[in-house]
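Please look over the sequence and the model below. A short report follows, taken topic by topic.

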Amino acid sequence: MAEMVNVAVDAMGGDNAPCETVKGAVEAINADGRVKVFLAGREPALKEELKKYTYNAEQLEIVHAEEVIETGEPPVMAIRKKKDSSIVRCMYLVKEGKCDALVSAGSTGAVLVGGQVIVGRIKGVERPPLAPIIPHINGVSLLLDCGANVDARPSQLLQFAKMGSIYMESVIGVKNPRVGLVNIGTEEEKGNALTREAYPLLKSCPEINFIGNVEARDIPEGGADVLVCEAFAGNVVLKMLEGVSAALIAKIKAGMMMNLRSKIGALLVKPALKQTLKDFNTEAYGGAPLLGLNGLVVKTHGNSKAVEIKNSILQCIAFKEQKINQKIKEQMVLED
């Protein structure tokens, strides 16, 4: 019998909490009997939401947390002062070994700070990167870092590449993933001081399949399986891709509704278009893991709906079963 994967879920974090969070948690346990969810939040509100659904009660447990860390609060202060918040409760469930992972759509700053301060880094990891999956024309890539380390060092980019390669191969199933350094040109000498210093480190590392620099325009075409950069560039890339995707979809829908002819054409292409848009829907891939911690921390979008919460919970199963943390620890030992 498969071992249960215990996931702490910040039920009060995000724009649509607790409604969508609870719904996503229920959908996750109904989809897979290997997962147990620990819902952290205000118990009366959670019980009221749970009345709407049918689920296996043995797969869900409420952890009462009276406080909520709001998005605009200073993260360090909030983590220190709001010990009874849903995010902090989740962090301690992971730290104490009661849960294998946590999922939160709440304050990004609080998740990043709590992950490092409470859950703690794996020995040897300099900085844990936030690593979302981004779809491209032929599949998906892993982008790291996209929000945790704005001022990274070359040695940290090398660690991002190693951890990203482990994740892509073990969780996503990409054999010998291609690692690309996000840059403003493909030539080795291009870029700023960080990328120019990081390039030779990546090039000389035998543990990764480094293919060189990757320009932003090559990312949607699948220029690399693992995209390495510091968080400033990564966040700009991620937000641009999300914005362009949303604008393009809106433009296509508007064009299809212009006149009778376009509406008839829309009916003909709808099945193919629906499948294409599904492939580019980031909700299907869950949240962004904060790699390199002593437990799995997954950050989802602040406006996450139930489907993204559900998929974020389910991705924790593969993370545990593939022993990602153990593999990262082994990689860090090799560096010593």
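## An exposed leucine and its patch

Leu268 is exposed, because its relative accessible area of 69% lies over the 50% cut-off. The model is predicted. Leu268 sits in helix 9, which spans residues 260-279.

Leu268 does not stand alone on the surface: Leu260, Ile264 and Val269 join it in a nonpolar patch. Together the four residues offer about 430 Å² of accessible area.

## Helix 6 against helix 7

How do helix 6 and helix 7 pack, and at what angle? Helix 6 covers residues 154-172 and helix 7 covers residues 193-203. The angle is about 50 degrees, and the axes are 8 Å apart. Helix 6 is therefore oblique to helix 7. Their crossing is right-handed.

## Salt bridges around helix 2

The whole structure holds 16 salt bridges. One of them joins the side chains of Glu43 and Lys47, at 3.1 Å from N to O. Both residues belong to helix 2 (residues 43-50). They are four residues apart there, so about one helical turn separates them. Glu43 is partly exposed, with a relative accessible area of 27%. Lys47 is also partly exposed, at 45%.

Glu49 and Lys52 form another salt bridge, again with 3.1 Å between the closest N and O atoms. Is Glu49 buried or exposed? Glu49 is buried, because its relative accessible area is 10% and the cut-off is under 20%. Its partner Lys52 counts as exposed, at 54% relative accessibility.

## A bridge between two loops

Glu126 and Arg153 meet through their side chains in a salt bridge of 3.1 Å, N to O. This pair links distant parts of the chain, 27 residues apart. Glu126 lies in the loop between helix 5 (108-119) and strand 5 (133-136). Arg153 lies in the loop between strand 6 (139-144) and helix 6.

Glu126 is partly exposed, with 25% relative accessible area. Arg153 counts as partly exposed too, at 44%.

## A three-residue network

Which residues are linked with Asp100 in a network of salt bridges? They are Glu3 and Lys320.

How values were computed. Residues are numbered from 1 along each chain as its sequence is written. This is a predicted model: local features need pLDDT of at least 70, side-chain atom pairs count only at pLDDT 80 or more; totals for chains, interfaces and linings use all residues. Side-chain values use heavy atoms; hydrogens and water are left out. Patches are made of residues with over 30% relative accessible area and no salt bridge: like charges are joined within 9 Å, nonpolar side chains (Val, Leu, Ile, Met, Phe, Trp, Tyr) within 5 Å. Accessible areas come from the Shrake-Rupley method with a 1.4 Å probe; for residues, only the protein chains shown count as cover. Buried means under 20% relative accessible area, exposed over 50%, partly exposed in between (1.4 Å probe, protein chains only). Axes are lines fitted to C-alpha atoms, for helices over the stretch in contact, and angles run from 0 to 180 degrees between N-to-C directions. Angles under 35 degrees count as roughly parallel, over 145 as roughly antiparallel, 65 to 115 as roughly perpendicular and the rest as oblique. A crossing is left-handed if the near helix is turned anticlockwise from the far one by less than a right angle, and right-handed if clockwise.
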